[in-house]
Amino acid sequence: MESRGDHSDEQPKGRLSIARRSCDQCRARKIGCDRASPCSNCISARVNCTHSAVASNATTTKQRVLISAQYERKIDEIAQGIDGIKVLLQGLNVSSDINPLGASSIRQLGHANSAKPLIEHETSKGDFLWDHSVHIIDFVKAVVEDRGLREDGTEASGVVSSLRKLVQTLENPTAIQESSLLEAKVMKRQAGPHMPPLEAVVAVLRWAKDHAGYTRIIWVSEILPLEKFAEICRKVYFAVDDYGEVDLIIANGYLSYIFSEHVVVSGLPDYREYCRLCRDNLHSALSRLPLLLPASMEVIAALTLGAFNAIENSKATSAWTFISAASSLCQRLGYHRLPTRDTDQSLRTAQERLFWVVHRFDKGLSFRFGRPSNIRDAEITLPFDPNEQRKTRVARIQGKVYDELYSPAGLSRPDDERGRVAETLAAELRELINRTHVEVLKATSQPSDAETDPMRIVYLQCDVVCQSSLLALILRAAPGTRGSVSGVSDECVAVARETLDVHHHCMMAVSSCKTDPFMVIKYINWAILHTPFVPFSILFTRAVQLLDFADLDRLDRFAVSLKPETACADSITHPYRLYELLCQAARLYIESNASASSLDMSLANAPSASLAEFDFTPFGIETGTVPNETLEVSETVALGEWYYNNQQLMSLLDEDVMF
């Protein structure tokens, strides 16, 4: 007997081959099926033979596709990546200078198109204006309305006309706001920022590492270690992982200062343009920062770089915003306190250095605005370092000057008590000034070579100007010499005059640096604006009261020293223009009230009646009174008014529009 298996592979003669599966019944019973319809097994069992499906005629073997959760996740990631690429392509401004770096979306600026930055910060028409205070506008109005000036000839008419134009400009803040909004809109249109070429970045990073002793490189390295800056630059240029706005701010902020320092030494025009380009990228990224930021060392460093850049670009309000946020994050992370647990020593050292930089900026800006600082010294529990940096000690003094001398509580103190505080602070500051002078002499006596910082002496002289201006403000709070017409001590007047002389020498050195296009602007913003330049106000008051032509000549020379070399920076609200008009107004008043027969002390003690018409009271000049040794005057009120109105004068120069 033959079994069914012996001929199962053979088809009956004359029967057509079919491509059915086994019938449902045979499959259920798990027996062989001849695939007939009906099959023999179903005929024998007398059951209905059914087939659920018919196989395809294709003879190729099909692959089994295994889809696991891991594969589905990968597919989702690919889909998200494609969507992101679509978004980038929609906002991408395709141009002929695109040179991609691997998977990075950064577009480099090649040598062919590096002669012009993306966004110009200066225009030939002087579109950038300074937003000024109402008090200074009222003061200039008083000068304009003086009858003595209006009737004093063609020159006075020209001065009055210029002052009137200045008033009209200052009373129209709409143009300032619109220009700022337009700049922000232009910056936000950049989809992927241009960056300097990779080879230039590598070269300048190596140069910075080899010249880590340069003054400004030391300043920047206090924000973050140079190795950390280099690591973030690599992260931006070789973006294996995504990077955020904070990384972009740190990279461009660091590169802008390094390129700027390299330009001072090399004078390379390409590096000058790379510096401008990085500054444009920095401004653009800063404008996109959200209100709420995570607390991290990198975020604090980015905010500090933003404040540093804002100060150098006459944007004091923006600098205050950045440094206030950085101060809050420092205190949130406990950088101002002793560590409560063991931490990496190198990391903790970097955190403390960053905190003291934030502390200096916070004290300097609060002193500039005449308001309490965000970081109170009483809250700092870090160990006192007797060898702490000179800038940190100056910052501590700035905080004390406001809190103990010029705050409402300080101004309410008795004159003798306030005088003792002023003497203590003045003695402490004189010690720092003497140390700075020693460093200047030491730097001057050293032979210069290729490795010497060419700007170290200039930076030290700038420190002397700032410290001397602060000393003049401290001495102004002390009771004046008895019988003094100006109401200030002879020592205060001497310091003010000496500060103007030091400024003159420093300005000559800064102007001689032709390789750095930002040097003069940086000096004005740091030495004249960031630290309120009170010597001008002190000597201006004295010159008008005493009809002193010698002090007036000093003020004229100071104003001329600020004159911009290029016409594009000569806007009506430039600091040079402001001080020039004030000097002209003072000279016209003095000349109209002084004659050859009246230049004696009796005139100094009996000012002309027209002095009341020429309203100089915003500068603490009381008119219509004859001071003498028996006249008792409340110095507290006069000092408070002088300080408040001097703050208004400085606010005329420190608002958020670059000149």
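**Exercise 1.** What span should the 25 residues of α15 have at 1.5 Å a residue, and how far apart are its end C-alpha atoms?

*Solution.* The model is predicted. Step 1: the expected span of a helix is 1.5 Å times one less than its number of residues, which for the 25 residues of α15 gives 36 Å. Step 2: the end C-alpha atoms of α15 are 36 Å apart, in agreement with the expected value.

**Exercise 2.** Decide how far α15 is enclosed by the rest of the structure.

*Solution.* Step 1: a residue is buried if its relative accessible area is under 20%. Step 2: of the 25 residues of α15, 19 are buried, so the helix is largely enclosed. Step 3: just after α15 comes Gly 370, with a positive phi of about 70°.

**Exercise 3.** Classify both partners of the salt bridge between Lys 235 and Asp 247 as buried, partly exposed or exposed.

*Solution.* Step 1: the closest N and O atoms of this pair are 3.1 Å apart. Step 2: Lys 235 belongs to helix α10 and Asp 247 to helix α11, 12 residues apart. Step 3: Lys 235 has 35% relative accessibility and therefore counts as partly exposed. Step 4: Asp 247, at 10%, is buried.

**Exercise 4.** Place the salt bridge between Arg 418 and Asp 415 in its helix.

*Solution.* Step 1: both residues lie in α18 (residues 415-445). Step 2: they are 3 residues apart, about one turn of the helix. Step 3: an α-helix has 3.6 residues a turn, so residues three or four places apart point the same way. Step 4: the closest N and O atoms of Arg 418 and Asp 415 are 2.9 Å apart.

Terms used:
Residues are numbered from 1 along each chain as its sequence is written. This is a predicted model: local features need pLDDT of at least 70, side-chain atom pairs count only at pLDDT 80 or more; totals for chains, interfaces and linings use all residues. Side-chain values use heavy atoms; hydrogens and water are left out. Helices (H or I, at least four residues) and strands (E, at least two) are DSSP runs, numbered from the N terminus. Buried means under 20% relative accessible area, exposed over 50%, partly exposed in between (1.4 Å probe, protein chains only). A salt bridge is a side-chain nitrogen of Lys or Arg within 4 Å of a carboxyl oxygen of Asp or Glu.
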